[in-house]
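I opened the model to look up burial, secondary structure, salt bridges and unusual backbone angles. My entries follow in the order I made them.

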Amino acid sequence: MATLKKSARKKTASASASKNDNLQAQAEQMSKRLGESAQQVWLAGVGAFGRAQAEGTKLFETLVKEGLSLEQTTRKVAGGKAQAMRDAMETTVGQARERASDTWDRLEKVFEERVHRALRRLEVPSREDLSALIDRVDALNAQLRTMGGAPAAKPSRAKRSARPAVKKPAPAAKKTPAKRAARKKAAP
């Protein structure tokens, strides 16, 4: 039995050794495969980097060209819209100026009419009235000269226009239309 135990031990030891050798061989094969896989991954990464470097420059240049094209298109569209807005603003401003000018002209006309009416109510003589009065005085002076009277020196036309406007004293009482008509008839 002792021999049997020894031979069983030998068989177990040899089986164990062969099993260990087998496991070690498998581990070495796996290690070798893992190393080869890691080497392949590394080489694939280096290849990808090289390709990205070569094609990346081309891709970058293509993207720059596309960006430039888009920028030019955008500028054209924006420039056209800006010009259209500028034209619209100029038209609007022109119309506003015309309206303001028309309004200002109407306001000026209304103001002149009101001032004219106020002066008439106050019986302030107008430019035409004064001119008619000057012509009448000249005619009377001419008549006096022909009748033999010596009137004062006749002022020249330039001096007459340079004279300040003659202000009529404020009437004491408002004249009635009948008094005005009588006075007009009495004057030659």
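Entry 1, burial. I looked up how much of the chain is buried, meaning under 20% relative accessible area, with exposed over 50% and partly exposed in between (1.4 Å probe, protein chains only). Buried residues are 2% of the 188 residues in the chain. I noted that this is a predicted model, in which local features need pLDDT of at least 70 and side-chain atom pairs count only at pLDDT 80 or more, while totals for chains, interfaces and linings use all residues. Residues are numbered from 1 along each chain as its sequence is written, and side-chain values use heavy atoms, with hydrogens and water left out.

Entry 2, surface. I took the accessible area by the Shrake-Rupley method with a 1.4 Å probe, where for residues only the protein chains shown count as cover. The chain has about 17,200 Å² of accessible surface, and carbon and sulfur atoms hold 62% of that.

Entry 3, secondary structure. I used DSSP runs, numbered from the N terminus: helices are H or I with at least four residues, strands are E with at least two. I found four helices and zero strands, in the order α-α-α-α along the sequence.

Entry 4, length of α2. The expected span of a helix is 1.5 Å times one less than its number of residues. For the 21 residues of α2 that gives 30 Å, and the end C-alpha atoms are 30 Å apart, which agrees.

Entry 5, backbone angles. Most residues other than glycine have a negative phi. I therefore noted Glu123, a residue other than glycine whose phi is positive, near 60°. Glu123 lies in the loop between α1 (2-121) and α2 (127-147), and Glu123 is partly exposed at 25% relative accessible area. Gly148, just after α2, also has a positive phi, about 105°.

Entry 6, salt bridges. How many salt bridges are there by this rule? I counted a side-chain nitrogen of Lys or Arg within 4 Å of a carboxyl oxygen of Asp or Glu, and the count is two. Side chains of opposite charge can pair when their charged atoms come close.

Entry 7, the pair in α1. Arg75 and Glu71 form a salt bridge at 3.0 Å, N to O. These residues are four apart in helix α1, so about one helical turn separates them. Arg75 is exposed at 59% relative accessibility, whereas Glu71 is partly exposed at 40%.

Entry 8, the other pair. Asp129 and Arg120 form a salt bridge at 3.2 Å, N to O. Asp129 is partly exposed at 33% relative accessibility, and Arg120 is partly exposed at 42%.
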